[in-house]
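Please walk me through this structure in the viewer, one selection at a time, and say at each stop what is to be found there.

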Amino acid sequence: MKTVIHPRIQRSMLTLLDNITYSHAKQPDGSVLDLKLSILLHHGNQELRLASGLTTDVPPEPLPVIIWVPGGAWRGTDKNQSIAEMQFLAERGFALVSMYYRSSAQAHYPAQLIDVKTAVRFLRAHAEQYHIDPQRIGMIGRSAGGYLASMAAMNNDLGESDEWSDYSSDIQACCDLFGPVDLSQLLQKTTAEVNSGRSRWNSIKKSHEGALLGGSEETLPKRAYEASPIHYINDAMCPIAIFHGDQDPIVPLKISEDFYDAMVSAGLENRAEFYEVTGAGHGTREFFQDSTKQLIADFFTRQL
């Protein structure tokens, strides 16, 4: 059967540029680890521009960028994990970047923050090549990635390195999906579970946050405090939207509540949005429904 169809041109095509090296990270043993990212870009939008009455020689505006920082308890993750659930941001007109950062087995904190900030500087250094706007860079992360995105959102000098050092690592908007932004609270929860025998770990050092921070168990509380975004809230930080489930068994809801309250107490309520997601656990499907995605997309549209 032959059928003639007449599709309406309503969206542009998307192209995934994969395995782009953004960093040559120096390891503790002296070796170098190449870190990769992917970019999901609008491509082939000539038809849309023609339909809008634009000529083909009018260049489209550079795209605002959103960096996706996946989770994985800092133990390691594929850079494209859950990127399909983030495609809605590309559909809304953002260049979507997904990145790999070093696991806790490869290096301890602050290596992971260094990687995230290096990716930001790399994108600014290559903005013209990828047709992105270096003045409009946002970040979204889930769980461990939400923690790193929130650290980057403080826009301070922590976690800087020599790579692409001529460019800023500041970001203009951040979405924190249930990130453990107060490692002290998370460590206290783990300690209580270990001491009661309810933990999967037989020592605090083997926990996710213990593996991230490394070092001696005696100094973990101090270093957990020093590595927590909640203690770096400042006037230079970018707007942050927090999403956290009220049934999260891994990262307590109170961690995000305290983060939001701290921003409000600092007089930065106009830069803080907090969404408590009813019935949601840790990364459960409630976060990836159209209604939740709409809130995230609208936040980035307002801020970028």
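**Starting at the strands**

Begin by selecting strands β3 (residues 63–69) and β4, which run parallel and are joined by four bridges. The model is a predicted one, which should be kept in mind at every stop. Within this pairing, select Ile 67 and look across to β4, where its bridge partner is Val 97.

Now keep β4 (residues 95–99) selected and display its side chains: five of its five residues are buried, so the strand is largely enclosed by the rest of the structure. Ala 95, Val 97 and Met 99 point one way from β4, whereas Leu 96 and Ser 98 point the other way, and all of them are buried.

**From β4 to helix α3**

Follow the chain out of β4 into the loop that leads to α3, and stop at Pro 110, which lies in that loop. Select Tyr 109 together with Pro 110, as the peptide bond from the one to the other is cis, with omega near 15°. As a point of reference, most peptide bonds are trans.

Next, move on to Asp 115, which is found in helix α3 (residues 111–125). Is Asp 115 buried or exposed? Its relative accessibility is 1%, and because the cut-off for buried is under 20%, Asp 115 counts as buried. Show the contacts of this residue and, leaving aside residues up to four places away in sequence, you will find that Asp 115 touches Tyr 22, Ala 25, Leu 35, Met 99, Tyr 101 and Arg 102. Met 99 takes you back to β4, where it points the same way as Ala 95 and Val 97. For Arg 102, draw a distance from its backbone nitrogen to the side chain of Asp 115, where a polar atom lies 2.9 Å away.

**The largest pocket**

Turn then to the largest pocket, which has a volume of about 390 Å³. Of the 23 residues that line this pocket, the ones to select are Ala 73, Leu 186, His 208, Glu 209 and Ile 250, which are the closest to its centre. The elements that give two or more residues to the lining are α6 (183–196) and α7 (208–213), and the largest share, four residues, comes from α6. Coloured by type, the lining residues of the largest pocket divide into nine nonpolar, eight polar and six charged.

**Two residues with positive phi**

Stay with Ala 73, whose place is in the loop between β3 and α2 (83–91). Phi of Ala 73 is near 60°, a positive value in a residue other than glycine, and Ala 73 is buried, with a relative accessible area of 17%. For comparison, most residues other than glycine have a negative phi.

Select Phe 178 next, in the loop between β6 (173–177) and α6. Phe 178 likewise is not a glycine and has a positive phi, of about 45°, and its relative accessible area of 0% makes it buried.

**Ending at helix α5**

For the last stop, select helix α5 (residues 144–153): how many of its residues are buried? The count is 10 of the 10 residues, so α5 is largely enclosed by the rest of the structure. Among the buried residues to display here are Tyr 147, Leu 148 and Met 151, together with Gly 145 and Gly 146. Then continue past the helix to Asn 155, which follows α5 and has a positive phi, near 50°.

How values were computed. Residues numbered from 1 in each chain as written. Predicted model: local features only at pLDDT ≥ 70, side-chain atom pairs only at ≥ 80, totals over all residues. Heavy atoms only, no water. Buried < 20%, exposed > 50% of the residue type's maximum accessible area, 1.4 Å probe, protein only. Polar contact = N/O pair within 3.5 Å; in protein donor to acceptor, adjacent residues only side chain to side chain. Contact = heavy atoms within 4.5 Å. 1 Å grid on protein atoms, 1.4 Å probe; cavity = no way out; pocket = protein on both sides within 12 Å on 5 of 7 lines; lining within 4 Å. Points joined across faces, edges and corners; volume = space filled by probe spheres on them. Nonpolar A, V, L, I, M, F, W, Y, C, P; charged D, E, K, R; others polar. Pairing = 2+ DSSP bridges.
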